[in-house]
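Subject: Structure handover

Dear colleague,

Here is the structure you are taking over, with my notes underneath. Please read them with the coordinates open.

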Protein chains: 2
Amino acid sequence: MKMNNYTITVVGLGLIGGSILRALKVNAPGVRLQAVSRDKQALQQAFNDNLVKLATSSLEEAIPSTDVLILCVPVLTVEEILRLSKPWLRSTTLVTDVCSVKGEVIKAAKRVFGTLPSGFIPGHPIAGSEKSGYAASIPELFSQRRVILTPTDTTSEEAISAVSAMWELTGAQVALMSADQHDQILGATSHLPHLLSYAMVDLFAKQAHHEEIFLYAAGGFRDFTRIAGSDPVMWRDIFLTNGEATIRLLDNYVEELHELKAAIQRADGDHLEATFRRAKAARDMFTEIFSRKSSDQ
Amino acid sequence: MKMNNYTITVVGLGLIGGSILRALKVNAPGVRLQAVSRDKQALQQAFNDNLVKLATSSLEEAIPSTDVLILCVPVLTVEEILRLSKPWLRSTTLVTDVCSVKGEVIKAAKRVFGTLPSGFIPGHPIAGSEKSGYAASIPELFSQRRVILTPTDTTSEEAISAVSAMWELTGAQVALMSADQHDQILGATSHLPHLLSYAMVDLFAKQAHHEEIFLYAAGGFRDFTRIAGSDPVMWRDIFLTNGEATIRLLDNYVEELHELKAAIQRADGDHLEATFRRAKAARDMFTEIFSRKSSDQ
């Protein structure tokens, strides 16, 4: 697909929005980049970094010339941005997003558009960091990472090709699946782990003298709790919008914890060891898959 | 304390035992190092690596000349090693260990010795890795890490000084506390996180097609589950011997999960956001403490 002379507009200048602009700036020099944000400081910074031709807080100013619109805002802000963008969208404009919950994005779009436009294709780059904000953005964030696109019944082949091509320019590998399948898989690999990590650190945070506990924590604790440093608003929205899948997984998880607790109580070393061996084997396989997929993240 | 001409014997040639030998080899060249293990291959390797003057599977051969005996075996193997060592121990020999549960080590020693010797001082280096075995050992494993010593009522000041001095030679910082306090703190910072991580990965491992789930897992999942790659036998023993503290913490944790589940069910964004903010603040503080403590592990 020819991207030259395309105008791509990112709405929301956080880690993901900033990193998309940086990646395209490097890998798609013919593309005109624009940023829309309420964050005047980030806008100024993106402009000073020479990332964008237009940095504005006005959707009206940016959208009419836009060929690809990428919403890089929290899940629960998508509907508002779509509603405010709608009057300025051309019929050929492609619209995508980067949110972690795809079912909710489709629901929001249906509320705004009624019948979904053929240029609308939700997406989610499986890349990120516990760091957030424009200042943390880097051009290689998506390099060798997967991006999941979840076309709707009305998404055109052209929209799939164009948005896939755009992501490939950032170094990502594109996979297609249904929104429902995406939300199940991400519930397991991302949403549940974040909930568990937040819960663990909060358990300590509520105790007096938790600084002392942290003094004796090592690398294992550090890694286990890294994701508890993630953006609270973004994750609030994720659990509000993928709650059903998360709770189903959480129930299974608590069931698993009850089994382990019972094994500890009856001093059942065989059960514990078998569980840990099975987990270790799966984790070792994951290490293998992950290191094949990329050298690092 | 003068360590020159001391003979230090490590029993058990895994990650910790091997790393102690490597650290002392570099930092205490006047000390005579010995290794006892059932693992003939590791013994041969330690001898070939020129780490030890004596590599043997015989306690009888190694212990009579030993000034400091360090047990680097799983918790539930300590009693057997103490029993087999007892006939060869001199009254002045210092005996310590590296196990993750200190209450159980003291119980085992009481079963073997009756009254605990003045040279007996349990210890635990807060350092490790999901990697295990002699092949993973490195001389800098303890550098800027904490080592907790838990003297008993009968431990002599000389034993505390000498074993502290030995650990300081490896680059570690020594802290003293009671065995009970140790087991509470480590239950929180290490034992519970390991149980939660094992449970998470096992939940997936029991499902068909979990390879596909792993394909879409990113760095957050990788870090959250890193400790699920830890040694199953060592961790079986830890939960069998620090079960009470772990279960108390686990119950509190499951309670916290129930609160979060209820908040998701009633779509209580304020509760979720407040929890995540509190956790993030605590985690950010931990990052600060951890990076002060060491540059990396």
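A residue is called buried here when its relative accessible area is under 20%. By that cut-off, 60% of the 297 residues of chain A are buried. Please bear in mind that this is a predicted model.

Chain A as a whole

The secondary structure of chain A consists of 12 helices and eight strands. Along the principal axes, its C-alpha atoms fill a box of roughly 65 × 40 × 35 Å. The radius of gyration of chain A is 21 Å, which agrees with the value near 19 Å that a compact globule of 297 residues would have. Taking contacts in chain A between residues at least 6 apart in sequence, 74% of them join residues at least 24 apart.

The accessible surface of chain A amounts to about 11,600 Å², and carbon and sulfur atoms account for 49% of that area. Chain A carries 30 positive and 34 negative charges, and the mean positions of the two sets lie 4 Å apart.

The two copies

How are the two chains related? A turn of 180 degrees, with a shift of 0.0 Å along the axis, lays chain B on chain A with an RMSD of 0.0 Å. The two copies are therefore related as by a two-fold rotation axis. Within chain B, the C-alpha nearest that axis belongs to B:Phe224, at 2.1 Å from it. Both copies use the same surface, since 100% of the contact residues of chain B recur in chain A.

Details in chain A

Helix H10 of chain A covers residues 232–241, and seven of its 10 residues are buried, so this helix is largely enclosed by the rest of the structure. The buried residues in H10(A) are A:Pro232, A:Trp235, A:Arg236, A:Asp237, A:Ile238, A:Phe239 and A:Thr241. Charged side chains are on that list, namely those of A:Arg236 and A:Asp237.

Two loop residues of chain A have a positive phi without being glycine. One is A:Asn50, with phi near 60 degrees; A:Asn50 sits in the loop between helix H2 (40–48) and strand S3 (54–56). The other is A:Ala267, with phi of about 55 degrees, and A:Ala267 is in the loop that runs between helix H11 (243–265) and helix H12 (269–293).

Details in chain B

B:Thr96 belongs to strand S5 (residues 94–97) of chain B. Its relative accessible area is 1%, so B:Thr96 counts as buried. What does B:Thr96 contact, leaving aside its neighbours within four places in sequence? The partners are B:Leu69, B:Ile70, B:Leu71, B:Ile121, B:Pro122, B:Gly123 and B:Val163.

B:Thr77 is in the loop between strand S4 (68–71) and helix H4 (78–85) of chain B. Its relative accessibility is 18%, and B:Thr77 is therefore buried, given the cut-off of under 20%. From B:Thr77 to B:Leu192 there are 115 residues in sequence and 22 Å in space, C-alpha to C-alpha.

B:Arg146 is part of strand S7 (residues 146–149) of chain B. With a relative accessible area of 19%, B:Arg146 is buried. B:Trp167 is 21 residues away from B:Arg146 along the chain, and their C-alpha atoms are separated by 9.4 Å.

Regards

How values were computed: Residues are numbered from 1 along each chain as its sequence is written. Chains are lettered from A and ligands numbered from 1 in the order in which they are written. This is a predicted model: local features need pLDDT of at least 70, side-chain atom pairs count only at pLDDT 80 or more; totals for chains, interfaces and linings use all residues. Side-chain values use heavy atoms; hydrogens and water are left out. Helices (H or I, at least four residues) and strands (E, at least two) are DSSP runs, numbered from the N terminus. Buried means under 20% relative accessible area, exposed over 50%, partly exposed in between (1.4 Å probe, protein chains only). Contact means heavy atoms within 4.5 Å. The radius of gyration is taken over C-alpha atoms; the globule rule is 2.2 Å times the number of residues to the power 0.38. Accessible areas come from the Shrake-Rupley method with a 1.4 Å probe; for residues, only the protein chains shown count as cover. The place of a charge is taken as NZ of Lys, CZ of Arg, CG of Asp or CD of Glu. Copies are superposed by least squares on the C-alpha atoms of residues with pLDDT of at least 70 in both.
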